[in-house]
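User: I should like to learn how to read the features of a structural model, one at a time. Please take me through this one.

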Amino acid sequence: MTTATTMRDEAAAVSPCPEQPRRVTILGSTGSIGQSTVDLLLRNRDAFTVEALTANRNAALLAEQARALGARFAAVVDPAEYPALKDALAGTGIAVGSGRAALVEAAERPADWVMAGIVGAAGLEPTLAAVRQGRMVAFANKEVLVSAGSLFMREVAAHGATLLPVDSEHNAIWQCFDFTRVEGIEKITLTCSGGPFREHSSDQMRDATPAEAVAHPTWRMGAKISVDSATLMNKGLELIEAFHLFQLPDDRIDIVIHPQSIIHGLVTYCDGSVLAHLGSPDMRTPIAYALGWPGRATAPTKRLDLAEIGRLTFEEPDPRRFPALRLAREALRRGGGSPTVLNAANETAVHAFLEGRIGFLDIAATVERTLDRIPAVNLDSLDDVYNLDNAARALAAELVAARGLSRVAE
Ligand SMILES: NC(=O)c1ccc[n+]([C@@H]2O[C@H](COP(=O)([O-])OP(=O)(O)OC[C@H]3O[C@@H](n4cnc5c(N)ncnc54)[C@H](OP(=O)(O)O)[C@@H]3O)[C@@H](O)[C@H]2O)c1
């Protein structure tokens, strides 16, 4: 069963029931995606109840959100933060937990709709737990799909879960994609802002600081995805995500730079028609679409004023200055565990860059060297995914440590 089929069939089967609020869980509620989701829930109190919220370490914000939304359960992964969470929620009747087991418990508790809003492959276990309960999973945590790929999609199909794409580009394509006549679709196009270094030379990027890399020109996001947007690895991860979500070969998935971030995705049909989705660059629009689906929920985002915007521009990505996009496409073509390796090496390198241990250009160089050294093995089980992910992280960490600040890319 494909995701396309799943979404179409579910749309027909699920009828919105205004008398029954939708039960919502947010994995990663304290992050950028999580906070945008919380904001929408607070504005639509009658339409939703909140089952569980999770964070990695930010117990203070988690407790504040749990109180504001009347959640039933709050889980913080870091056990050192458990006492703070427990104290902050004492007397509220909100159950609390900590550790990876509590994260999985949050994902498994009864809910109609689960936001997968954790960053990185750390989201795989809890997102899988929600999938295995057959939930509607609002899917932001793209590294999960890059890392576990078709094995993850197999679990989605096996458990009758539904993935609702939240990444703005995939959400846009979802809204334009005719799931009933897929044979009429020629290609899809993901747009890309180009990030903060779109016009920088490689020499300028070599000296880029973490603060410069996370200063995205159009979107406000967490640190990791902001760095991915600066290297264009984010678009590479999205290419792999689109391959799995829309079941199209990679030569029918285009990427175009569009600095204004107004058009988010396009679907080209066999008669030359192109359907595009436009909106202000605010994640509350795609999140609201997933929250309300198959209906629509309201979002307070700035409405588009095309005359005010004036000009929409487009350009080809430059593979020489931004090798990460090429690496992602190659990993997808090579298949097997290559996307798992790509993702694990990238997470390791981005982390090292944010800590000032390597330079900006070293990120893609570390990913490339890790990919070169680990053969494209087949993945037969999720254990294979976890093992390969660990091996790739270990090798990437060695490369980072061996080079230190000498800068792999020079
Ligand atoms: N931000 C966006 O606009 C945007 C757009 C499209 C797609 N996405 C995707 O959505 C995901 C989340 O992005 P984000 O920008 O919201 O990230 P973020 O701001 O860094 O938030 C990440 C969330 O995950 C939690 N977390 C971090 N590490 C964890 C771990 N090891 N185990 C469990 N929880 C952990 C964090 O908790 P603490 O707060 O306690 O650290 C936080 O709640 C990413 O996959 C990203 O690519 C984001």
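**Reading the model, feature by feature**

Analyst: Lys235 is placed in helix α12. Please keep in mind throughout that the model is predicted.

User: Is the residue Lys235 buried or exposed, and how is that decided?

Analyst: A residue counts as buried when its relative accessible area is under 20%. Lys235 has a relative accessible area of 4%, so Lys235 is buried.

User: Which polar contacts does the side chain of Lys235 make?

Analyst: The general idea is to look for pairs of N or O atoms within 3.5 Å. In this case, a polar atom of the Lys235 side chain is 2.9 Å from the backbone oxygen of Thr191. The side chain of Lys235 is also joined to that of Glu238 by a polar contact of 2.7 Å.

User: Let us turn to backbone angles. Which residue between α11 and α12 has a positive phi although it is not a glycine?

Analyst: That residue is Leu232, with a phi of about 75 degrees. Leu232 sits in the loop between α11 (223-231) and α12 (233-246). Its relative accessible area is 1%, so Leu232 is buried.

User: What is the phi of Gln247, and where is that residue found?

Analyst: Gln247, which is not a glycine, has a positive phi near 55 degrees. Gln247 belongs to the loop between α12 and β9 (253-257). With a relative accessible area of 41%, Gln247 is partly exposed, whereas Leu232 is buried at 1%.

User: Omega is the other backbone angle I wish to read. Which residues does a cis peptide bond join?

Analyst: The cis peptide bond joins Trp293 and Pro294, and its omega is about 10 degrees. Pro294 lies in the loop between α13 (284-292) and α14 (306-309).

User: How does one read the geometry of a helix, with α7 as the case?

Analyst: One compares the span expected of a straight helix with the span found in the model. A straight helix of 17 residues would span 24 Å at 1.5 Å a residue, but α7 (residues 142-158) spans only 20 Å between its end C-alpha atoms.

User: Where does α7 bend, and by how many degrees?

Analyst: The bend in α7 is at Gly149 and amounts to about 105 degrees.

User: How many residues of α7 are buried, and what follows the helix?

Analyst: Of the 17 residues of α7, 13 are buried, and the helix is mostly covered. Gly160 follows α7 and has a positive phi, near 65 degrees. Gly160 also serves to illustrate a distance: its C-alpha atom is 9.1 Å from that of Met136, and the two residues are 24 apart in sequence. Met136 itself is found in strand β6 (residues 136-139), and its relative accessibility of 10% means that Met136 counts as buried.

User: Now the ligand. How many residues surround the ligand, and which are the closest?

Analyst: The usual approach is to list the shell, then its contacts, then its composition. Here 26 residues surround the ligand, and the closest are Thr30, Ile33, Arg57, Asn58 and Glu143.

User: Which residues have polar atoms at short listed distances from ligand oxygen atoms, and what are those distances?

Analyst: An N or O atom in the Thr30 side chain is 2.6 Å from an oxygen atom of the ligand. Glu143 has a polar side-chain atom that is also 2.6 Å from a ligand oxygen atom. In Gly222 the polar atom belongs to the backbone, and it is 2.9 Å from an oxygen atom of the ligand.

User: How much of the ligand does the protein cover?

Analyst: On its own the ligand has 900 Å² of accessible area, and the protein covers 86% of it.

User: Which elements give two or more residues to the shell, and how do the shell residues divide?

Analyst: The elements are α2 (32-43), α5 (100-108) and α7. The shell residues comprise eleven nonpolar, ten polar and five charged.

User: Finally, how should I read separation in sequence against separation in space?

Analyst: One sets the two values side by side for a chosen pair. Gly28, in the loop between β1 (22-27) and α2, is 294 residues from Phe322 in sequence, and their C-alpha atoms are 29 Å apart. Leu312, in the loop between α14 and α15 (323-334), is 188 residues from Leu124 along the chain, with 37 Å between their C-alpha atoms.

Note on methods. Residues numbered from 1 in each chain as written. Predicted model: local features only at pLDDT ≥ 70, side-chain atom pairs only at ≥ 80, totals over all residues. Heavy atoms only, no water. Helix = DSSP H or I, 4+ residues; strand = E, 2+ residues; numbered from the N terminus. Expected span 1.5 Å × (residues − 1). Bend = angle between axes of the 7 residues up to and from the residue. Buried < 20%, exposed > 50% of the residue type's maximum accessible area, 1.4 Å probe, protein only. Near = heavy atom within 4 Å. Polar contact = N/O pair within 3.5 Å; in protein donor to acceptor, adjacent residues only side chain to side chain. Areas by Shrake-Rupley, 256 points an atom, 1.4 Å probe, with all protein chains shown as cover. Nonpolar A, V, L, I, M, F, W, Y, C, P; charged D, E, K, R; others polar.
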